[in-house]
Structure formats: structure tokens, C-alpha cells
Amino acid sequence: MADRERTFVMVKPDGVQRGLIGEVVGRLEDRGLKMVGGKFMQIDQDLAEDHYGEHEGKPFFEGLVDFITSGPVFAMVWEGQDAIRQVRRMMGETDPAESAPGTIRGDFGLDLGRNVIHGSDHEDEGSNEREIGLFFDEDELVDWEQADETWLY
Ligand code: RTP
Ligand code: MG
């Protein structure tokens, strides 16, 4: 059985502007994942450059930082069995045009630079802890029991 783990998820500025926060939260709740942190916020330049540090120097980096700081985001931490990989599967591919219908990007996006959601990358080990730490203090995360957890696990 895969471990229970935490992943960092964010509704990006395009998703917020399009009223998709509830849609994204609802899908993750329906799957059985548990929100343990949530924050509606505006990302500043420093945080954006830290968060996307792995892409520094790439041709799309500046545009990516401009986009992610262009409006409010809804930053979250979600917990569950195999949560990092399962959220990525629910997101679809980086490019919405290549994402299968049924995925969040495949259902709500058309353009690579406007792909609605971010989730920590399961292929980049430790990125979940790093991103959670960038966006949340320890005391902003809530340990709680889902009422129906015994029916999930
Ligand atoms: P994210 O980090 O935003 O959740 O997206 P991701 O893991 O699926 O993709 P990643 O490779 O980390 O890229 C971060 C964001 O940069 C934009 N991008 N543009 N023009 C390009 O070739 C290109 N490649 C990536 C995308 O908006 C992607 O979400
Ligand atoms: Mg990424």
C-alpha cells in the first residue's frame, strides 16, 4: 500500500479569475483527498522565483513568473494515499492541449501558459515538502480526521 503523504496544490491566477476554485477543490474532495491547509493569496516576485526556481534560465521563466504573480491564487495542502502522484494524474499533462478529457487541465484549459492548477511533481522528490514550506507555516496546517476515513482506507 502506498504511503499517505502531503502535496502542495494551487489554483493558478487563471483558475481563480474563471471561478474554478470550487471545481478544483470539489474534485479533490470527491476523490477522497483531505485538505489540511488553504490560503487565498497573492504571490510576490521572490516567492514566484523560489517556487519555480527549477525553471530559472529557461525561455519561459520570466513569463511564468509574470503570470503566477498576475492575480490571486488559492494555495492548498492536500493529504492522502499516494496523494502527490494522484493529484498529478487528476491534473493531466503540463499542456492542456495534450491532457485527456476528464483531467482538470483537459477539461478546463487550452493553452500551455494558462493551465489552471499546480501540483507538486512526484518525479521531483522532496518538491512537495519544499513547496509546502515555501507557502505555509507549520501552524497553518491542520491535522484532522475525516468522518468517513475508515471507508476510504
Ligand atoms: P506546474 O509546475 O505549473 O504545476 O506545471 P508542470 O509541473 O506541469 O510543468 P513544469 O514543467 O513544472 O512547467 C511549469 C509551467 O511552465 C509553463 N511551461 N511553459 N513554453 C514552454 O515550453 C513551457 N513549459 C512549461 C507551463 O505553464 C507550466 O505549468
Ligand atoms: Mg512543475
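Where does Lys-12 lie? I opened the predicted model to find out. I found Lys-12 in the loop between strand 1 (4-11) and helix 1 (13-17).

**Entry: Lys-12**
I asked whether Lys-12 is buried or exposed. Lys-12 has 24 C-beta neighbours inside 10 Å, so it counts as buried; the cut-off for buried is 20 or more. Leaving out residues up to four places away in sequence, I listed what Lys-12 touches: Ile-68, Val-73, Val-116, Ile-117 and His-118.

**Entry: the UniProt record**
I checked the unreviewed UniProt entry next. Under "binding site" it lists Lys-12, Phe-60, Arg-88, Thr-94, Arg-105 and Asn-115. It also annotates residues 4-143 as "domain: Nucleoside diphosphate kinase-like". I looked at that span in the model. It is 39% helix and 20% strand, and its end C-alpha atoms lie 13 Å apart.

**Entry: Arg-88**
I turned to Arg-88, in helix 5 (residues 83-91). Arg-88 counts as partly exposed because it has 19 C-beta neighbours inside 10 Å. Not counting residues up to four places away in sequence, Arg-88 touches Gly-119, Asp-121 and His-122.

**Entry: ligand 1**
Which residues are around ligand 1? I noted His-55, Phe-60, Leu-64, Thr-94, Leu-112, Gly-113, Asn-115, His-118, Gly-119 and Asp-121. I sorted this shell by class and got 3 nonpolar, 6 polar and 1 charged residues.

**Entry: Gly-22**
I ended with Gly-22, in helix 2 (residues 21-31). Gly-22 counts as exposed because it has 10 C-beta neighbours inside 10 Å. From Gly-22 to Tyr-52 I counted 30 residues in sequence. In space, their C-alpha atoms are 25 Å apart.

Terms used: Residues are numbered from 1 along each chain as its sequence is written. Chains are lettered from A and ligands numbered from 1 in the order in which they are written. This is a predicted model: local features need pLDDT of at least 70, side-chain atom pairs count only at pLDDT 80 or more; totals for chains, interfaces and linings use all residues. A residue is near a molecule or strand if its C-beta atom, placed from the backbone, lies within 6 Å of it. Ala, Val, Leu, Ile, Met, Phe, Trp, Tyr, Cys and Pro count as nonpolar, Asp, Glu, Lys and Arg as charged, and the others, Gly among them, as polar. UniProt positions are given in the numbering used here, feature names are shortened, and annotations may be inferred rather than shown by experiment. Helices (H or I, at least four residues) and strands (E, at least two) are DSSP runs, numbered from the N terminus. A residue is buried if 20 or more other C-beta atoms lie within 10 Å of its own, exposed if 12 or fewer, and partly exposed in between; C-beta atoms are placed from the backbone. Two residues are in contact if their C-beta atoms, placed from the backbone, lie within 7 Å.
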